[in-house]
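Here's a quick briefing to read with the structure open beside you. It goes through the chain pairing, the DNA surfaces and one helix packing.

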Number of protein chains: 2
Amino acid sequence: MPADKPPVPSVWTRPRATRERPALSRERIVAEAVRLLDEEGAEALNMRNLGTRLGAGATSLYRHVAGKDELIELVVDEAYGEVRVPEADPPGDWRGALAEGARSLRAMILRHPWIAPMLGQAGLATLGPNLMRQSERMITLFRAAGFPPGEADQAMNTLIAYVIGMATSEAAYLSMLARSGRTEQEWAESLRPVVEQAMRDHPRLREAHAAQHGGDPERVREEGFGYGLERVLDGLQARLGPAGGSAG
Amino acid sequence: MPADKPPVPSVWTRPRATRERPALSRERIVAEAVRLLDEEGAEALNMRNLGTRLGAGATSLYRHVAGKDELIELVVDEAYGEVRVPEADPPGDWRGALAEGARSLRAMILRHPWIAPMLGQAGLATLGPNLMRQSERMITLFRAAGFPPGEADQAMNTLIAYVIGMATSEAAYLSMLARSGRTEQEWAESLRPVVEQAMRDHPRLREAHAAQHGGDPERVREEGFGYGLERVLDGLQARLGPAGGSAG
DNA sequence: CTCGTCTTGCGAACAATGTACGCAAAGAGT
DNA sequence: ACTCTTTGCGTACATTGTTCGCAAGACGAG
């Protein structure tokens with residue numbers, strides 16, 4: 001009994017082994033970072049905040065992560081892990097499989113709109129395992145469709161660029177909407193005079209704006225994405241000649 | 001502490017009317033910000049730095065710009081001002097005109113790679129005058145090609161999404177390269193073991209990587225961009241029927 | 001010339017944030 | 001029991017966006 005340090009050494013005075021929570025780990029940190037970003041947005045991601053949510057101090061995170069930049073790379077790849085690109089097992093419908101993968105990628109970006117600026121920062125240079133896995137699956141689909149090796153890579157980049165460009169733009173809009181705290185109706189209403197003014201000298205834009213005015217905005221966005229997706233796939237399919245790669 | 005009034009008021013003690021430089025203005029601030037970003041990168045853009053370059057204090061900028069966020073919006077639109085989308089005057093070759101506009105947009109993004117994360121942040125919600133003007137010109141080209149109003153907007157978004165997605169990815173790579181201070185050859189060499197390891201379990205990616213190994217990387221990037229651009233335009237042109245919109 | 005008023009610039013100061021550093025506590029191996 | 005390594009963390013510092021109050025011209029009115 002070391003009666004000099006604690007008056008009554010017992011289970012209750014002992015700091016519970018510091019293991020009340022499953023301790024810190026890179027996986028827990030990244031997972032909690034994603035949750036923090038989803039719930040509070042990109043500007044709420046800072047070391048102290050994240051540490052607090054993990055029941056730890058801010059600087060403890062540096063034992064598992066080199067710094068914020070590396071954390072962001074990990075978070076981006078974690079998000080890529082949610083993308084579902086179909087296996088090439090049923091080799092019949094390569095076009096449908098690619099469309100599904102593209103929609104899955106868009107859905108992920110819209111679920112995590114904070115990823116939009118990070119994509120422009122980390123690009124595809126991340127080399128994360130999840131990104132690599134999705135890329136491998138997608139390029140396999142292109143190879144199975146009949147694209148030769150070099151061109152399959154270009155074709156994949158084309159499709160991914162379209163999806164990321166489109167979804168990034170949507171995500172930026174959604175992020176701004178979320179930061180404003182208003183609903184999409186209120187937002188559009190409050191912005192109407194500005195838009196009217198900006199379109200005063202641009203009749204073609206006004207015309208296009210009016211043409212799709214009336215539907216539920218989310219539906220409009222989805223249709224716009226689907227339209228472009230079909231066009232991109234059309235253009236790619238045309239490279240495969242009249243057979244269209246349907247016979248593999 | 002103005003404890004030391006000039007003992008002899010004369011031209012030499014008087015601070016030269018503060019107009020040695022043409023004073024501060026929103027235009028000068030934005031232009032200098034672009035130059036700063038080009039020369040020193042995104043992380044060097046802060047108020048004190050920018051103020052110093054303008055021969056002013058950091059907080060003086062707030063008289064002309066609401067804050068850094070607004071400054072970024074202005075800078076992005078300033079960059080959009082460099083994009084050259086052809087007029088619809090010669091209505092013959094809509095496809096060539098759109099390709100030219102697309103290449104001009106890509107060239108702008110590669111000239112200013114720091115814009116990549118900002119695009120994901122500001123998106124197209126910026127409503128800046130230059131962006132509006134380029135959009136108006138581009139949608140005019142689509143209308144002239146034969147697309148009906150609503151579809152012209154979707155078609156334009158498709159093309160822009162592709163270009164932004166592709167160029168953003170390239171820009172992120174170039175930014176990372178610039179930050180590293182190394183040449184592209186050195187960078188690729190130093191990253192080789194990592195890439196090899198990452199591709200160990202991904203034969204299709206390795207295959208594609210090997211297929212385009214050997215050419216000058218910039219040429220490879222340009223060809224990849226050109227490939228996807230043609231595919232996207234193919235897919236869009238197919239919507240116009242057999243006539244291909246060549247007759248307007 | 002003098003007196004408000006308005007505009008512009010700016011230094012000081014504050015809050016938020018990323019992160020280096022050194023110390024302490026816990027565990028592992030001998 | 002002693003030492004070495006790993007992990008957590010409090011302190012502290014540098015950077016940066018931004019606010020605030022003050023001063024110095026610009027300028028029209030009297």
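A residue is taken as near a strand here if its C-beta atom, placed from the backbone, lies within 6 Å of that strand. Keep in mind that this is a predicted model. On that basis, 19 residues sit around DNA strand D and 18 around DNA strand C.

**Around the DNA**

- For DNA strand D, the residues that come nearest are Leu24(A), Ala56(A), Gly57(A), Asn46(B) and Gly67(B).
- Sorted by class, the surface near strand D has nine nonpolar, seven polar and three charged residues.
- Over at DNA strand C, the nearest ones are Asn46(A), Leu24(B), Ala56(B), Gly57(B) and Thr59(B).
- The surface near strand C splits into eight nonpolar, seven polar and three charged residues.

**How the two chains meet**

- Chain A puts 52 residues in contact with 52 residues of chain B.
- On the chain A side, the elements that each give two or more residues are H5 (115-122), H6 (129-145), H7 (149-180), H8 (184-198), H9 (203-211) and H10 (217-237), all of them helices of chain A.
- H7(A) supplies the largest share of that side, with 17 residues.
- In terms of class, the side of chain A that touches chain B has 27 nonpolar, 17 polar and eight charged residues.

**How the copies are related**

- Rotate chain A by 180°, with 0.0 Å of shift along the axis, and it superposes on chain B with an RMSD of 0.0 Å.
- The two copies are therefore related as by a two-fold rotation axis.
- Both copies use the same surface, since 100% of the contact residues of chain A recur in chain B.

**One helix pair inside chain B**

- Helix H4 (residues 94-111) of chain B and helix H10 (residues 217-238) of chain B have axes that come within 11 Å and cross at roughly 140°.
- Angles over 145 degrees would count as roughly antiparallel, so this crossing makes H4(B) oblique to H10(B).
- The crossing of H4(B) past H10(B) is right-handed.
- From H4(B), the contact uses Arg95(B), Leu98(B), Ala99(B), Ala102(B) and Arg106(B).
- From H10(B), the partners are Phe225(B), Leu229(B), Leu233(B) and Gln237(B).
- Taken by class, the residues of this H4(B)–H10(B) contact are six nonpolar, one polar and two charged.

How values were computed. Residues numbered from 1 in each chain as written. Chains lettered and ligands numbered in written order. Predicted model: local features only at pLDDT ≥ 70, side-chain atom pairs only at ≥ 80, totals over all residues. Nonpolar A, V, L, I, M, F, W, Y, C, P; charged D, E, K, R; others polar. Axes fitted to C-alpha atoms, helices over the stretch in contact; angles between N-to-C directions. Helix = DSSP H or I, 4+ residues; strand = E, 2+ residues; numbered from the N terminus. Parallel < 35°, antiparallel > 145°, perpendicular 65-115°, else oblique. Left-handed = near helix turned anticlockwise from the far one by under 90°. Contact = placed C-beta atoms within 7 Å. Least-squares fit on C-alpha atoms with pLDDT ≥ 70 in both.
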